[in-house]
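Here is a short tour of one structure, meant for a first look. Keep the view open while reading.

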Amino acid sequence: MSYKPPARRKPHPKEKRIVFQNIDRDGWSSDIEPYLIYGGYNDLRKAVTMKPADIVNEVKLSGLRGRGGAGFLCGVKWGFIRPDEKKPVYLICNADESEPGTFKDRYIIHQDPHQLLEGMIIACLALNVHLAYIYIRGEFPEGARILEKAIAQARENNFLGKNILGTGFDCEFYVHRGAGAYICGEETGLIESLEGKRAYPRIKPPYFPAVLGLYQCPTIVNNVETLCNIKHIVHMGGAAYAKLGRPNNTGTRVLCVSGDVQRPGYYELEVGGVTLGELIYDICGGMKPGRTLKAVIPGGSSAKVLRADERFKIKAKQPDGSMGEKEIGIDEIVMDFDSLTAIGSMAGSGGVIVMDDARNMVWALNNINEFYAHESCGQCTPCREGSLWMKKITARMLEGGGVWRDPEVLKNVADNIAGRTICAFGEACAWPTQSFVTKFREEFVGRAAKPLPLPTSPEYMPEQLITAEDPVAT
Amino acid sequence: MSTPPDMVNVQIDGQWMQFPKGTRLIEACGKAGKFIPRYCYHPKLSSPGNCRMCLIEMGMPRLGPDRKPELDPDGKPVINWIPRPQISCAQDVSEGLAVRTDSPLVQECRKGVMEFLLINHPLDCPICDQAGECRLQEFSVEYGNGNSRFLEHKVKKPKNVQIGPRVTLDAERCILCSRCIRFMQEVAHDDVLGFVDRGSYSTIAVHPGRKLDSNYSLNTVDICPVGALTSSDFRFKMRVWFLKETKSICTSCGTGCNTIIGSRENAVYRQTPRENNDVNSVWMCDYGRLNFHYLHGDRRLTSLELKGAQHQISWPEAIAHAASALKKFKKDEIAIIASGRMTNEELWLASKLAGALGTSLRDIVPHEDEGDDILLNCDRNPNTSGAQLLGLSTGRLSAIAEGVRAGTIKALVVCCEDLTECGFSDSELQKLGALITIGILANTTTKHATLVLPAAGFAEKRGSMINVRGRLQRMNRAINPPGDAREDWEILRDLLVAITGSNGIHAIEDVFKQMAAEVPAFAGLSLSKIGELGVQLNLTRK
């Protein structure tokens with residue numbers, strides 16, 4: 001065949017496109033034909049010649065860390081599945097991409113669904129999975145349609161279904177659409193939802209998915225981007241893949257940059273290949289004209305915010321080879337898992353939200369609080385009650401009703417949520433408040449000048465705190 | 001420290017203790033005298049871990065390179081504490097587990113959760129039925145703050161919703177612990193409750209088109225830790241702290257669920273289940289629970305009634321009249337219809353009465369209805385087993401009815417039953433020479449009775465019964481019988497004394513003592529030895 005892959009829009013020179021190699025090619029489609037002509041499913045053909053344990057081993061060697069948010073080592077997760085498991089093992093692709101500021105999985109599904117399917121089929125071979133689900137968020141109807149079509153095409157080509165490529169291995173995929181809830185992206189909430197229940201995350205222990213997952217069977221839940229990487233790990237070999245990026249932060253990662261930069265968008269970079277400064281000022285073209293950087297949320301809206309003039313102490317190798325401390329600014333932060341954890345935030349889902357000096361931090365936090373108050377599943381007390389409380393406080397502050405105690409109460413409410421909930425949503429909704437109030441304290445104190453209402457007044461209404469003197473627009 | 005094979009060593013607040021494997025940590029702490037507050041956890045239901053009230057600090061012994069616990073200078077294992085607080089309700093004890101139940105972090109967690117639970121709670125304790133037995137109140141005192149930091153509007157939710165015929169919901173008071181949902185799923189097997197909406201707006205609701213109409217619905221009221229679910233029957237009737245609690249048993253079917261009768265000043269206000277893992281766990285059915293209103297109903301017999309009497313008669317007159325009336329008949333002209341609703345003591349005296357009268361015509365009236373596989377037994381007589389054991393259940397009821405019809409039986413003593421419901425007609429009863437009834441409710445039989453002797457209801461007397469599984473249990477008096485009504489055993493004893501001239505029984509304990517001397521199944525037992533949880537007898541039920 002003389003099919004020439006269409007040219008793609010030129011990525012930034014610093015990018016290393018592996019997972020996104022087919023994204024934005026002119027004339028490219030989500031159909032199987034271009035994918036096949038471009039070498040598609042060849043890695044599956046390679047994988048069927050490998051022993052399942054060898055595939056798992058390559059993934060372990062690759063050092064791949066989950067791209068969904070937690071950054072857990074994929075090989076370790078897979079290693080929880082015993083090769084002699086008697087119960088059925090399920091694979092679930094977590095396509096419930098819901099973290100504000102994150103928009104990578106949607107592009108993969110919309111433009112390169114077969115890459116995801118190939119990665120998933122290889123994962124199924126490795127883990128002896130015969131039934132896998134793609135749990136896609138309800139807000140992606142087009143993505144679900146594309147995936148259904150891709151699955152049908154893969155089945156027609158014997159990449160899926162009975163006796164895959166003559167190996168005798170059977171595997172089926174189902175697309176399950178969520179109904180529009182952030183919490184369905186939490187893996188145990190997702191499993192509950194897939195079982196037809198409310199997406200209430202399960203308590204761990206005992207419900208670790210790899211032990212007691214879907215229908216109480218061992219289950220691996222992986223993010224879309226993570227599963228796409230599986231294909232490339234088989235292609236390159238785990239050891240070669242591990243050379244990309246930095247030790248313990250291997251491979252490439254799609255960073256989704258949004259906010260007040262010249263060129264927001266997605267950039268696939270080697271993990272830790274750039275600093276935050278390079279990302280903002282070089283790759284994304286810097287701040288908008290006349291604006292300066294104020295804050296960055298580096299890993300999706302739940303990650304702790306970084307202040308532009310903040311200084312961080314990190315461990316660094318001294319010239320004599322010993323380990324010591326080094327102080328760095330926000331521009332020098334290496335965009336990998338460990339570096340962002342070391343400075344007290346996280347790489348999260350890869351959603352980098354940039355805010356300039358025109359942004360009101362109370363407004364920004366209220367925006368985030370509104371999201372988490374709306375998305376709290378309501379199962380456990382601290383998050384259910386605390387997320388809405390925090391939102392009500394920031395909303396009142398925005399409307400000009402802040403009382404002097406608000407910053408302290410906000411911070412304390414967040415402290416009472418983080419670490420005390422069933423799932424990580426507690427941290428997700430608490431970290432923004434903790435970090436915004438601490439790091440931009442002057443802005444919050446500035447909007448919280450009123451005295452407390454008298455505790456004895458039974459007629460008290462929160463509205464009486466709000467006066468029209470300084471409403472905030474942003 | 002030597003450890004038996006099925007025990008594990010657990011360190012609670014610095015003290016090492018041993019617990020059986022499989023003990024829930026929250027229970028182990030309780031046994032160690034360190035009560036852990038909880039809302040969602042219920043020992044008879046699954047643990048969702050959602051209220052977060054039982055957070056504690058947990059740790060495991062630090063292992064050295066040889067995989068053996070490292071020891072401190074005192075020879076005690078060094079503990080690696082988990083930085084995050086952990087719930088104690090979903091965790092079983094394990095070897096070497098260490099917990100801190102009262103550390104600053106734990107106290108802070110409880111304070112935080114208490115504050116969260118109260119910010120949207122209406123705090124309407126003065127008009128809340130749960131007041132006095134509300135966990136929110138109790139734990140507020142122990143772990144809450146004195147004042148509120150909450151300046152916002154509370155979330156509005158549905159109030160006064162009749163979610164079933166017997167249960168009222170106030171969703172604003174609900175703390176979303178899901179106990180009621182889990183009870184309906186796991187115990188009542190009627191998955192009719194659930195949550196709707198999200199986050200702080202989450203609300204308990206009934207499945208669309210359904211009602212919480214299970215016969216076990218009122219158990220959700222019992223286990224609701226707050227005033228969200230209240231009993232439509234008991235609601236606003238009485239403040240719970242005024243209720244006298246009397247341990248008794250339910251007499252509405254053969255299961256004999258253990259109960260607490262809540263009464264005040266000679267009125268019963270409610271019955272609630274009492275834990276007995278050999279009988280009813282901690283549950284009871286709505287039918288049995290609410291089956292007490294008849295004690296205070298219009299049909300209640302409160303005075304002695306002698307047909308044709310010109311004046312109100314007294315008990316001695318009534319007993320004397322009954323004895324002389326019965327003596328007029330030959331022994332096979334008299335029959336005794338007893339009841340499976342009578343206590344063993346009453347049945348035993350009834351059988352003695354039959355013996356004194358010389359009649360072998362005696363039986364009880366069977367009451368059967370639909371049962372279920374949870375608690376409700378199809379035998380609606382609470383003491384059929386006792387009647388069988390004491391020889392009152394003979395299967396001769398239809399023969400007695402036949403005898404009345406044929407006119408060979410001319411006198412009947414009827415206890416607690418309405419004969420027109422079991423094969424006797426009005427005209428047959430009318431033509432009897434003597435119809436003496438001992439009972440608590442007016443019915444067609446008492447209408448035709450020559451002598452009505454008002455007796456005591458289940459909450460008004462003491463005695464014992466044997467449930468369908470052969471368990472001997474005790475009922476206790478919560479209130480006094482109304483008006484002239486007396487305890488049945490006293491009536492029967494007086495009749496017996498009047499007929500035979502014998503004596504020797506002054507207290508109900510004496511009845512049991514005599515009975516235990518004669519009935520081998522009761523050998524060695526006394527009323528007090530039955531205890532609060534009953535005694536399993538070795539019986540074969542016919």
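## Salt bridges

In this predicted model, 68 salt bridges are found over all chains. One of them pairs A:Lys231 with A:Asp43. The closest N and O atoms of that pair are 3.0 Å apart.

A:Lys231 sits in helix α9 of chain A, and A:Asp43 sits in helix α2 (residues 42-47) of chain A, so the pair ties together parts that are 188 residues apart in sequence.

## Two crossing helices

Helix α9 of chain A also has a helix partner. Its residues are 224-236, and those of helix α6 of chain A are 113-127. The axes of the two helices come within 7 Å. They cross at roughly 75°. Angles of 65 to 115 degrees count as roughly perpendicular, so α6(A) is roughly perpendicular to α9(A).

Which residues of α6(A) meet α9(A)? They are A:Gln115, A:Leu116, A:Glu118, A:Gly119, A:Met120, A:Ile122 and A:Ala123. On the side of α9(A), the partners are A:Val224, A:Leu227, A:Cys228, A:Ile230, A:Lys231, A:His232 and A:Val234. By class, the contact has nine nonpolar, three polar and two charged residues. A:Lys231 thus appears in this contact and in the salt bridge with A:Asp43.

## Where chain A touches chain B

How many residues of chain A are in contact with chain B? The count is 43, and they face 40 residues of chain B. The size of an interface is often given as the accessible area lost when the parts come together. Here the area buried between chain A and chain B is about 3400 Å². Carbon and sulfur atoms give 53% of it. Three residues, A:Glu385, A:Trp389 and A:Arg420, supply 21% of the area that chain A buries against chain B. No other three residues supply more.

Four salt bridges cross the interface of chain A and chain B. B:Arg198 and A:Glu375 also meet through their side chains in a salt bridge, at 3.3 Å from N to O. Polar contacts across the interface link 21 residue pairs, both residues at pLDDT 80 or more. On the side of chain A that touches chain B, α13 (361-375), α14 (381-398) and α15 (406-417) each supply at least two residues. Helix α14(A) gives the most, with 10 residues. By class, the residues of this side of chain A divide into 21 nonpolar, 11 polar and 11 charged.

## Unusual backbone spots

Most residues other than glycine have a negative phi, and most peptide bonds are trans. Chain A has exceptions to both patterns. A cis peptide bond joins A:Lys204 and A:Pro205, with omega about 0°. Another cis bond joins A:Pro205 and A:Pro206, with omega about 5°. Where is A:Pro205 found? It is in the loop between α8 (187-194) and β4 (219-223) of chain A. A:Pro206 lies in the loop between α8 and β4 of chain A too.

A:Asn128 is not a glycine, yet it has a positive phi of about 55°. Its place is in the loop between α6 and β2 (129-136) of chain A.

How values were computed. Residues are numbered from 1 along each chain as its sequence is written. Chains are lettered from A and ligands numbered from 1 in the order in which they are written. This is a predicted model: local features need pLDDT of at least 70, side-chain atom pairs count only at pLDDT 80 or more; totals for chains, interfaces and linings use all residues. Side-chain values use heavy atoms; hydrogens and water are left out. Axes are lines fitted to C-alpha atoms, for helices over the stretch in contact, and angles run from 0 to 180 degrees between N-to-C directions. Helices (H or I, at least four residues) and strands (E, at least two) are DSSP runs, numbered from the N terminus. Angles under 35 degrees count as roughly parallel, over 145 as roughly antiparallel, 65 to 115 as roughly perpendicular and the rest as oblique. Contact means heavy atoms within 4.5 Å. Ala, Val, Leu, Ile, Met, Phe, Trp, Tyr, Cys and Pro count as nonpolar, Asp, Glu, Lys and Arg as charged, and the others, Gly among them, as polar. Buried area is the accessible area (1.4 Å probe) that two parts lose on being put together, summed over both. A polar contact is a pair of N or O atoms within 3.5 Å; within protein, one must be able to donate a hydrogen and the other to accept it, and residues adjacent in sequence count only if both atoms are side-chain atoms.
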